[in-house]
Amino acid sequence: MTQLADRTPSGTTGSNGAPLLDALPQSRHLATELPGPRSRALMARKTSAVAGGVGTTVPVFAARAGGGIVEDVDGNRFVDLGSGIAVTTVGASNPAVVAAVQEQVAAFTHTCFMVTPYEPYVAVAEKLNEVTPGDHAKKTALFNSGAEAVENAVKIARHATGRDAVVVFDHAYHGRTNLTMAMTAKAMPYKSGFGPFAGEVYRAPMSYPFRDPEGMTGEQAAARAIAVIEAQVGADQVACVVIEPVQGEGGFIEPAPGFLPALAAWCRQSGALFVADEVQTGVARTGDWFACDREGVVPDLVVVAKGVAGGMPLSAVTGRAELVDAVHTGGLGGTYGGNPVACAAALAALDSVERDGLLQRARAVEALVTGRLHALAARDSRVGDVRGRGAMLAVELVGADGLTPDPALAAAVAGAAKAQGVIVLTCGTHGNVLRFLPPLTISDELLHDAFDVLDAAFAATSTTTASAR
């Protein structure tokens, strides 16, 4: 398989002549107990100064990151299977992104595009119009976060259609603002105690092959969802159907083939807009530019964030020009939306996808990791399902009956991996899914090392075995 080495040479400088840090060694290394003394001291300061509602997954403080490694303040190096929750797709501190940011910071950090516009915003819009699904005329508006972009997609859909209802799905995650909390399915920790939520949001059943009736096709699952929408909402009331083509926080649920095309066809027939929330799946994460590309689905609006700007905060709504332009002048925007530094980072990150062959690399990561996960599932019956695509992969962990969610096992395995220097995240409505989101620049050696650790973590918690499946 292709291996991409860390691209940051030791002792080099950025485009403005400023020295870059020496290249971060691409190896796992534990220098202290975890957490180390400096991380413990910083955690005490966090506890004193930072809101308690802001949690952390790994109890160490990052000092630097590059390639597939995060190094903490005590010199411990972790293999990164999280990418900051799918953000550093092109690698943390990607040299091209760093250089672009340095150059833009030296020029200007902000003017507000709505006051005095600047070329990088336009260039990002042009690139997203080019690479998002479909060859129709498109336009783009830039924002800061995924949730903000989702809200603006809903604004556009309601304005363009003159309708109010928004349809979302079981297990969905769309953000933490009031509207996107209403659109998100999982109560804890995202919604509990924060209501009342925005109205006119309705939920339909998702295609969930692992838990759907055996043999249910994507088309059948779509018919089930459409029946709920038509009966409980009314087709003529729906402004938009908003869906993650592969669900993220809900458990990396990949719908059965045919589900998305059938929903998109229903939207066209009913006059509703099909909105693809590609915040986590977009920009090469799944082995295509966008997850909708796999089945040739062309959304009316695409929401992009996370991996689009190499670690800088940026999001976008890209869609059919006539729909986006239906909104009156001044109806879209925001003070920081499309910040020039974030736009410079995005242009470098999007260029890296093409220049460094990251679509192909994502599929190579998929082959390597799914091979390791299927081998694990063959010897451990607690791995109920292996799923995902590209570098967005997961295992769902279950009890002895092969179906009951086992969140305690997921937490134990993730904790054991972190203790050995591998960052692993959990997800799922029931918290029983381990998700793997490595940067696409990670080497094969680091992936094998990380999954050796994961195998050991499963073995250490093993209570059952399974014959080869």
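Biologist: At roughly how many degrees do the axes of helix H7 and helix H8 cross?

Modeller: Keep in mind that this is a predicted model. H7 covers residues 218-232 and H8 covers residues 259-270. Their axes come within 7 Å, and the crossing angle is roughly 35 degrees.

Biologist: Is the crossing of H7 and H8 right-handed or left-handed, and who makes the contact?

Modeller: The crossing is right-handed. On the H8 side you'll find Phe259, Ala262, Leu263 and Trp266. H7 brings Gly218, Glu219, Ala221, Ala222, Ile226, Ile229 and Glu230.

Biologist: How do the residues of that H7 contact with H8 divide by class?

Modeller: Glu219 and Glu230 of H7 take part, and glutamate counts as charged. Gly218 is in there too, and glycine goes with the polar group. The full split is eight nonpolar, one polar and two charged.

Biologist: Now H4 and H10: how far apart are their axes?

Modeller: H4 is residues 119-131 and H10 is residues 340-355. They pack at an angle of about 35 degrees, and H4 passes H10 in a left-handed crossing. The axes are 8 Å apart.

Biologist: How many polar residues does the contact of H4 with H10 have?

Modeller: Among the residues that meet are Pro120, Tyr121 and Val124 in H4, and Cys343, Leu347 and Leu350 in H10. The contact has ten nonpolar residues and three charged ones. As for polar residues, there are no such members.

Biologist: Which residues line the second largest cavity?

Modeller: The structure holds two cavities of 30 Å³ or more, and the second largest has about 30 Å³ of space. Its lining has three nonpolar, four polar and two charged residues. They are His171, Ala172, Tyr173, Thr184, Ala185, Lys186, Glu249, Gly250 and Thr429.

How values were computed: Residues are numbered from 1 along each chain as its sequence is written. This is a predicted model: local features need pLDDT of at least 70, side-chain atom pairs count only at pLDDT 80 or more; totals for chains, interfaces and linings use all residues. Side-chain values use heavy atoms; hydrogens and water are left out. Axes are lines fitted to C-alpha atoms, for helices over the stretch in contact, and angles run from 0 to 180 degrees between N-to-C directions. Helices (H or I, at least four residues) and strands (E, at least two) are DSSP runs, numbered from the N terminus. A crossing is left-handed if the near helix is turned anticlockwise from the far one by less than a right angle, and right-handed if clockwise. Contact means heavy atoms within 4.5 Å. On a 1 Å grid over the protein atoms alone, a cavity is a set of points where a 1.4 Å probe fits but cannot get out, and a pocket is an open set with protein on both sides within 12 Å along at least five of seven lines; lining residues have an atom within 4 Å of a point. Grid points are joined across faces, edges and corners, and a volume is the space filled by probe spheres set on the points.
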